[in-house]
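Visitor: Could you walk me through this one, and tell me what stands behind the words you use?

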Amino acid sequence: MKDIFPIWEVFIRSRNGLAHKHVGSLHAADATLALQAARDIYTRRGEGLSIWVVPSSAITASDPADKDMMFEPTASKIYRHPTFYEVPDEVGHM
Amino acid sequence: MYTQALNNAPETGERQVEDAARMESFQARIDAEERIEPNDWMPAAYRKTLTRQISQHAHSEIVGMLPEGNWITRAPSLRRKAALLAKVQDECGHGLYLYAAAETLGTSREELVDQLLTGKAKYSSIFNYPTLTWADMGAIGWLVDGAAIMNQIPLCRCSYGPYSRAMIRVCKEESFHQRQGYENMVTLSKGNEAQKEMAQDALNRWWWPCLMMFGPPDAASQHSDQSTRWKIKRFSNDELRQKFVDATVPQAQYLGLTLPDPDLKFNEETGHWEYGVIDWEEFKQVIAGNGPCNRDRLAARNKAHAEGAWVREAALAFAEKRRARKAAA
């Protein structure tokens, strides 16, 4: 088959104040058609107020093999979480 | 199945040891209910099984538009027509979510579509039966979508991330399909004698093919064991079939319709409805391409694809022209 459409990743913002979220992908010849297809495929029930389409080839992703190197250091730094610190009961909620 | 994968790609002994270790950590991730994502290492057989299952599922959604599309222009009211149109549009959407999930495993959309058009790939046996009357729109929504939901809800927890996420969307949308079908059946079965007869006739024709949708009995199923271990499949074919029968019998009773099975009876001890013998020869024939509508369905898909070629070509030519102009400017 010679008619090969590039792949686009679709992001939708559901309500005002929330960020765009990845919902899936689709094939389309260009950005305009990708937006129209995204509307038909991913917003048939009022799922969104805004759509982004991004060519899949433009995304740089982290390698799953680097998962430990990338994310392990956060696990050992529990002092970054509020529950690490003690606040006297008398002080109440903080 | 893993030995098969090794046979396909003969490697050194060292590599096999490495793969055995990888297999073990892969299974450990599955056992820990972790989701497998597209770029993660996975056994070749896992990739192959899922590509087959997800693409067959996608093909089923796409071919599934045909039997119902048959009645859109003849729906008895604007309300029914709008609902049917929305349902068929949903099925197209479901097909597209699923193709996208299948592609993440490394097979292109073009190849997948080609497998359907050439008849190389299979799709659900149920869509090779004809829709003869308007009541079939009720029976399909109620029974076919009901059976599909039984099958699909456990797939929302499938070990492969993109498939499980697609199924969550599909299941959310699918419940309207079943309800609109049942409402249709309620209206017909409360109507005049002719309408009631039409509803009963549709039920007679769709009941057994719907039971076949769950696939061969557990004793004869080829894929179940490995798929269960990999948490692609959470319940066996027979378990899901039984769930469907138990849920559907009271719904048929409410309609005042009779299920076309003289052996159907309630077992007080087990709390389940026992059903008669399924004609597996018919199932085999339909899967092999000899059902009432197999040739029609494939011909319709091929015609639609061929007639859409100029649209795809024009869209690509236009995109190319704009790119060239932008580059020149």
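Guide: Gladly; here are some questions and answers on chain B, one of its residues, and the confidence in chain A.

Guide: This is a predicted model, where local features need pLDDT of at least 70, side-chain atom pairs count only at pLDDT 80 or more, and totals for chains, interfaces and linings use all residues. Residues are numbered from 1 along each chain as its sequence is written, chains are lettered from A and ligands numbered from 1 in the order in which they are written, and side-chain values use heavy atoms, leaving out hydrogens and water.

Visitor: Why is chain B called as compact as a globular protein of that length?

Guide: Chain B has 14 helices and two strands (DSSP runs: H or I of at least four residues, E of at least two). Its radius of gyration, taken over C-alpha atoms, is 22 Å, close to the 20 Å that the globule rule (2.2 Å times the number of residues to the power 0.38) gives for 329 residues, so chain B counts as that compact.

Visitor: Why is B:H177 called buried?

Guide: Buried means under 20% relative accessible area (exposed is over 50%, partly exposed in between; 1.4 Å probe, protein chains only). B:H177 has 0%, so it is buried. This residue lies in helix α8 (residues 161-189) of chain B.

Visitor: What does B:H177 touch?

Guide: Not counting residues up to four places away in sequence, its contacts (heavy atoms within 4.5 Å) include B:K87, B:D90 and B:H94.

Visitor: What is the mean pLDDT of chain A?

Guide: On this scale of the predictor's confidence in each residue, from 0 to 100, the mean for chain A is 90, and 97% of its residues reach 70 or more.
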